[in-house]
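Student: Please take me through one part of this model closely, and then follow its connections outward into the rest of the chain. I would like the distances and angles where you have them.

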Amino acid sequence: MSSVRLRFLGSGDAFASGGRFQTCFHLDGGEEPLLIDCGATALIALKRERIDPASIGWVVLSHLHGDHFAGLPWLILDGQFAHRERPLVIGGPPGTAERVRHAFEALYPAAPDADRPFEVRVVELAERIRSDLGPAAVTPFEVRHGSGAPPYALRIEYGGKTIAYSGDTEWTDSLIEAARGSDLFVCECNEFDKHVPGHLDYRTLEAKRDQLDCRRLVITHMSENMLARLDQLDLEAAADGMVVEV
């Protein structure tokens, strides 16, 4: 069995703390690649890593904040002008199709209805329902993060491995279920010891670590405050361009 690789195209928060790109992870090693989240900087990050955007046929979204989904209009436009032909399928929470369309229209009026040589299709993911999404099977677990639509942690079965991802959330026991038995759990950790509603802090995650049954845990989505304390952490921290072999 070939190894599965997760590349952190973007490991930053919404505010580009540390000069990092917004959330976007690239999974490969399975039947074909999959993007997990697609923040506004995703197209830049793909091209920096010399990954052809047209190779991405599948995107799964944790929630509908701009630093996690707003790269989709540029991914679609890039495909349009590069004469992409393969379909692009986006899996996300209820409301994804409408939110992407509104964002696209705000950025480039009339662009959502432009003729393009490939199909863009949105699949809504329902909580705790395992759904096939191209090369992966995805099970969402609702978490705690106000975003105008259900926010999800994601449990992704891909290439014979299980990758769990917290999305953005404060602590909730849904994370225990999402991470259970996973080969890799990617978990947001926005602050060090400051509680911010809708986000995790390092001290809370450290205290809850024994409840998370995963072979490897990597933290991401870190603020300037967190990045300034990387030398104080016992947990592994992501960086842009970092590749984790699962």
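Tutor: In this predicted model, seven strands form an open sheet with mixed pairing, in the order β7-β8-β9-β10-β11-β12-β13. Its edges are β7 (131–133) and β13 (236–237), each of which pairs on one side only. Within the sheet, β8 (residues 136–142) and β9 (residues 152–158) run antiparallel and are joined by seven bridges. One of the residue pairings there is Ala136 with its bridge partner Tyr158 in β9.

The parallel case is β10 (residues 161–165) with β11, where three bridges join the strands. Here Ala164 has Phe185 of β11 as its bridge partner. Strand β11 (184–188) is mostly covered, with five of its five residues buried. Its residues divide by direction: Leu184, Val186 and Glu188 point one way, while Phe185 and Cys187 point the other way. Both groups are buried.

After β11 comes a loop that leads to α6 (202–208), and Phe192 lies in that loop. The rings of Phe192 and Tyr202 have centres 5.5 Å apart, but that distance only makes them a pair; the arrangement follows from the planes, which are at 10 degrees, under the 30 degrees that counts as stacked. Because Phe192 is in the loop and Tyr202 is in helix α6, the pair ties together parts 10 residues apart in sequence. Both rings belong to buried residues: the relative accessible area is 2% for Phe192 and 0% for Tyr202.

Going back to β10 (residues 161–165), Tyr165 leads to another ring group, since ring pairs link Phe8, Phe25 and Tyr165 into a cluster. The side chain of Tyr165 also makes a polar contact of 2.8 Å with that of Asp37. Asp37 sits in the loop between β3 (34–36) and α1 (42–48). Asp37 is buried and has no salt bridge; Arg99, the nearest side chain of opposite charge, is 12 Å away. A backbone atom is within reach instead: the side chain of Asp37 comes to 2.7 Å from the backbone nitrogen of Ser62. Beyond its neighbours within four places in sequence, Asp37 has contacts that include Phe25, Ser62, His63, His68 and Tyr165.

The remaining stop is α3 (residues 72–81), a mostly covered helix with eight of its 10 residues buried. Among the buried ones are Leu72, Leu75, Ile76 and Asp78. The buried residues of α3 pack against α1, β4 (58–60), α2 (66–69), β5 (88–92), α4 (96–107) and β6 (120–124). His83 follows the helix, with a positive phi near 60 degrees.

Across the whole structure, a search finds four aromatic pairs. The pair of Trp74 and Tyr108 is edge-to-face, because the ring planes are at 85 degrees, with the centres 6.4 Å apart. This pair links distant parts of the chain, 34 residues apart: Trp74 is in helix α3 and Tyr108 is in the loop between α4 and β6. Trp74 is partly exposed, with a relative accessible area of 27%. Tyr108 is partly exposed as well, at 35%.

Terms used: Residues are numbered from 1 along each chain as its sequence is written. This is a predicted model: local features need pLDDT of at least 70, side-chain atom pairs count only at pLDDT 80 or more; totals for chains, interfaces and linings use all residues. Side-chain values use heavy atoms; hydrogens and water are left out. Helices (H or I, at least four residues) and strands (E, at least two) are DSSP runs, numbered from the N terminus. Buried means under 20% relative accessible area, exposed over 50%, partly exposed in between (1.4 Å probe, protein chains only). Lys and Arg count as positive and Asp and Glu as negative; His and the chain ends are not counted. A salt bridge is a side-chain nitrogen of Lys or Arg within 4 Å of a carboxyl oxygen of Asp or Glu. A polar contact is a pair of N or O atoms within 3.5 Å; within protein, one must be able to donate a hydrogen and the other to accept it, and residues adjacent in sequence count only if both atoms are side-chain atoms. Contact means heavy atoms within 4.5 Å. Two strands pair if DSSP finds at least two bridges between them. Rings of Phe, Tyr and Trp (its six-membered ring) pair if their centres lie within 6.5 Å; planes under 30 degrees apart count as stacked, over 60 as edge-to-face and the rest as tilted.
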